[in-house]
Amino acid sequence: MTVRGISDAVRVPARARLWDSVDAVRISVIGCGYLGAVHAAAMAALGHDVVGVDVDAAKVESLSRGEAPFFEPGLDELLAAGLAAGKLRFATDFAAAAAAQVHFLAVGTPQLKGSRGADMSFVYAAVDALAPCLRPGVLVVGKSTVPVGTAAALAERIGPTGALLAWNPEFLREGFAVKDTLEPDRIVYGLPGVGADQARELLDAVYAKLPECPLIATDYATAELVKVAANSFLATKISFINAMAEVAEAVGADVTQLADAIGHDPRIGRRFLNAGVGFGGGCLPKDIRAFQARADELGVGRAVEFLDQVDAINLRRRERVVELVLETLGPEYQGHRVAVLGLAFKPESDDVRDSPALDVAVRLHGLGVDVVATDPHAIDNARRLHPQLAFVATAEEALAGAEVVVLVTEWAAYRGLDPAAAAKLVAVPVVIDGRNCLDVPAWRAAGWRYLGMGR
Ligand code: UGA
């Protein structure tokens, strides 16, 4: 079978596959961050023999105890089960991966300092460190988000070892990572021109026990592009609704009702149309920037120039929240107390990478506002980056004496705050709902001045 250039979407009846009888696959997962740790634990849950390798000894130690070094619902339980079953272990030494038949690359590709491009040094370092483990019959599978063209370059690099390379992008969301890995809505294989059947067979054996889902088998470049295209589309959808929020603010319209109305059109859909303080995290912002950098290198920069606008609209929303706070406090805003509810880039995560919530807190603090910030899980990570901020453990402590309350991460605990009880804690009952997630009539009825985003 030749696969290059062919994209076939087929329904795979997983439970009926031939390889249900195939033995457990010996797997290594290189890089045990949000992606790799979840992938390793999930592969062990599917019955494979898995070793996770990471150069960070503290991370490996924590994972070996069954404790995820970050907050991800359900992951500790999955780790514990894999470790107890003897299906999962973690190591700092690449030699631990020597016996694996399939090596997943799950290292980070963060934004380079001073450039829009991705820092690919971890990917290349991982592949080089893996080289002694590679031989004919072994498959290296890229999961990291990379600039298109990387898989072809890596295939060439490992070529002399006789090992094969496939690209298998990951679409998991933080906060739902376990579910997304064990119940994916699609699987993409980027297969080599030569050795496609072998590579596919091994990947099929790895994923045989997953529930039925569409499988798209294609070439390297398409598989790499699928990932950045998906994240670019999601970012564009969010920035589209945030652009509508800007217009709604100018005319006194309500962007939430607008989103509900256009979202009823199934061609548009309501998901990812929540206007607010915008997107952040370790993926969407850096992926749209790296895509632009790569497109420029390929001479097709104009095709994705709109992503620059997507980024700009997104960042303007953070400024808007800061502006609303300053307008509310008046010209003598310095030294006035503001409660910031939320630091993580989204709920169910302790990740503060490029977090709009943390950015708002830092900007306000930088302007001399007396910021008191809180988050159910992200305080330690926020403090490491910005020790200058004042943190408190609970919303109640943050609200005490506040002259403005700013909600920037829509944790259930904040959405469910009792507005009457909250009003008794603050000095002035003004709330800026940076995620448009509060029950507006209830807050107004409890005496609050409510300010939303684009409404
Ligand atoms: C994103 C993608 O959703 C995943 O499919 C992808 O696998 C992942 O990146 C990745 O590349 O690894 P994630 O970063 O976990 O996942 O977060 P999202 O759920 O996509 O949310 C991103 C940001 O958009 C958050 O800050 C969220 O608050 C914001 N958002 C989301 C909005 O502002 N409005 C919305 O309507 C939806």
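Reader: What makes the pair formed by Asn 274 and an oxygen atom of the ligand a polar contact?
Author: A polar contact is a pair of N or O atoms within 3.5 Å; within protein, one must be able to donate a hydrogen and the other to accept it, and residues adjacent in sequence count only if both atoms are side-chain atoms. Here a backbone N or O atom of Asn 274 is 2.9 Å from the ligand oxygen, so the pair qualifies. The model is predicted: local features need pLDDT of at least 70, side-chain atom pairs need 80 or more, and totals for chains, interfaces and linings use all residues. Numbering runs from 1 along each chain as its sequence is written, and side-chain values use heavy atoms, without hydrogens or water.

Reader: Which part of Asn 231 makes a polar contact with the ligand?
Author: Its side chain does: an N or O atom there lies 2.7 Å from a ligand oxygen. A polar backbone atom of Leu 273 lies 3.4 Å from an oxygen atom of the ligand, so that pair is also within the limit.

Reader: How much of the ligand does the protein cover?
Author: The protein covers 90% of the 720 Å² that the ligand has accessible on its own. Accessible area comes from the Shrake-Rupley method with a 1.4 Å probe.

Reader: How many residues surround the ligand?
Author: There are 21, and Leu 172, Glu 174, Lys 227, Asn 231 and Phe 345 are the closest. A residue counts as near if one of its heavy atoms lies within 4 Å.

Reader: Which helix gives the largest share of the shell?
Author: H8 does, with four residues. H8 spans 220-251, and H10 (284-297) also supplies at least two residues. Helices are DSSP runs (H or I, at least four residues), numbered from the N terminus.

Reader: Which domains does the shell draw on?
Author: Domain 1 (2-218) and domain 2 (253-451) each give at least three residues. Those bounds come from an automatic or database assignment.

Reader: What area do the two domains bury between them?
Author: About 1500 Å², with 50% of it on carbon and sulfur atoms. Buried area is the accessible area (1.4 Å probe) that two parts lose on being put together, summed over both. On the domain 1 side, Phe 71, Arg 116 and Glu 174 supply 47%, more than any other three residues.
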